[in-house]
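Biologist: Could you take me through the enclosed spaces in this model, with a close look at what lines them, and then turn to one helix pair?

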Amino acid sequence: MVNGLQQPPALPKGTMRIVPLGGLGDIGRNMTVFQFGERYLLVDCGVLFPEDDQPGVDLILPGLDYLDDKLDRIVGLVLTHGHEDHIGAVPYLLRRRGDIPVYGSRLTLALLAGKLKEHKLGDVRLHEVAEGDTVNLGAFGVEFFAVNHSIPDALAVAITTAAGTVLHTGDFKMDQLPLDHRITDLRGFARLGTAGVDLLMVDSTNAEVPGFTPSETEVTSALERVFGRAKQKIVVASFASHIHRVQQILDLAVEHRRKVCYVGRSMVRTMTVARELGYLRVPANTLIDLDDLDTYPDDRVVIVSTGSQGEPLSALARMSNREHPVVRINPGDVVLLASSLIPGNENSVFRVVNGLTRLGATVVHKGNAFVHVSGHASAGELLYLYNIVQPRGVMPIHGEARHLVANADLAKATGVDPAAVIVAEDGDVVDLGGGRLRKTGRVDASYIFVDGSTVGDISESSLIDRKILGEEGFISIVAAVDLAARTLVSGPDLHARGFLEDPHLFDDITTQVRYALLDALDEGQTDVQQLRQAMRRVVGQWVSKAFRARPMIVPVVIAV
């Protein structure tokens, strides 16, 4: 046991080790490490976006530190699809070793290439794969399967070693009428199941949702009603990666003789890539530039924007605050949120919705109209998957704890041996060998915070301090003492920020701190740290009793 972690034993010969470094317990930072012998294969490397209690944090990375002493033995990184929670941390991995071979579909690699360019990472070894392809990476045989998701070109991955076969679904659903006509390869899954799947790693996001996820085509009629009723401009907020949804908007815009304008850097970048690669069909004379928006009447434009999750700096959030430099929301405008709520984003989204409503816009969202469907399989589809594949073992992935447990229950309901259903957490070490699946230890897969240009320098305690500063403010106490003479030279002076602003508020407590310092000096205390603690204790007790508050207290003793 080291630092509270049960270190795993040496990997037995003929055993495959699976270590999730993210994605189990959160919706984000998806990453799994597979080890066989002395070689390592990685699947996905995504980011998690911070919540309100993580002030100043830009991104959260998987537990990449686990790989630091293994970098030269990584045979490849396989990406299942192009969402940020699966590819967003790749640049941070490649900073540690830049020549790791990266495998992904055409669209996934194109989106990644733009990200690598932003990070000034060149000469990365990108290898394009498609459904039906197989590659051999050291001791790992890897086969790729088509799956539906809310972004084109998503893949499931089968990994085979001498220890057995693992099927990793990535994010998927079983839409039977997808807009791009690319269905999840259930025949391929059945073929794998007939040959024998020792471990099925399954997307858990919608495991609590009964039935089947509706088809993308079922959204079209609701979108048509929005377009048919709108008398002024329409603003559609969507994930920048939801190419299928933007295609529906483009088609409807043409039908209703409206021009389309992209707003938001990520939206412009992604749609440009999608169009160049043929994933997005844009009719001629449909797109207009943001600078030309004012030359068209409101009833002839559609704005496709980022910000469907209420991101504070997004285009939609700025529109809701009247801070966008070009787009102005007017009474009678229609704003369509074409996305699901990511858990944890509810307050941010409804803050934006309320802001838009105050400006007189009609806000259409999943709560009041059928304008979005999930990209993840619901419980009925998961049951089908288990019955088709008939795996010997199951490990739910991609979800919060409740999703993982619900998915595990589905697996058991279809007859999978409960002893072979592993509900793991990030950092758990799971070994597959000798026909058995078992947890054998834990490694450090804790959050790595990105704050501006710094990576990993922000600790949990730093975030706690930031939260206290943001919510409670701080009080500083400065005093100068002559330690040799045991006298108070000046002060104490109290200053506060983010606390009460009455200039006479600290009169009484200043006197109490002075007496506490003098008493400590009279008793022979000349240790600066002890004097600081005395000051902090007096102020802390006063603040707690008088105001029931817990600001950060910063005592400073200057020895002269």
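Modeller: In this predicted model, the second largest cavity has a volume of about 70 Å³. Its lining is made up of 15 residues, and those closest to the centre of the cavity are Asn148, His149, Asp180, Arg182 and His244. Sorted by class, the lining of this second largest cavity holds six nonpolar, three polar and six charged residues.

The largest cavity encloses about 80 Å³ of space, and 14 residues line it, with Asn30, Thr32, His168, Ile397 and His398 the closest to its centre. The lining of the largest cavity comprises four nonpolar residues, eight polar ones and two charged ones. Counting cavities of 30 Å³ or more, the model has three.

Turning to the helix pair, α10 spans residues 379-389 and α11 spans residues 401-413, and their axes come within 9 Å and cross at roughly 45°. An angle over 35 degrees but under 65 falls outside the parallel and perpendicular ranges, and α10 and α11 are therefore oblique to each other. The crossing in which α10 passes α11 is right-handed. On the α10 side the contact is formed by Ala379, Leu382, Leu383 and Tyr386, which meet Asn407, Leu410 and Ala411 of α11. By class, the residues in this contact between α10 and α11 are six nonpolar and one polar, with no charged residue.

Notes:
Residues numbered from 1 in each chain as written. Predicted model: local features only at pLDDT ≥ 70, side-chain atom pairs only at ≥ 80, totals over all residues. Heavy atoms only, no water. 1 Å grid on protein atoms, 1.4 Å probe; cavity = no way out; pocket = protein on both sides within 12 Å on 5 of 7 lines; lining within 4 Å. Points joined across faces, edges and corners; volume = space filled by probe spheres on them. Nonpolar A, V, L, I, M, F, W, Y, C, P; charged D, E, K, R; others polar. Axes fitted to C-alpha atoms, helices over the stretch in contact; angles between N-to-C directions. Helix = DSSP H or I, 4+ residues; strand = E, 2+ residues; numbered from the N terminus. Parallel < 35°, antiparallel > 145°, perpendicular 65-115°, else oblique. Left-handed = near helix turned anticlockwise from the far one by under 90°. Contact = heavy atoms within 4.5 Å.
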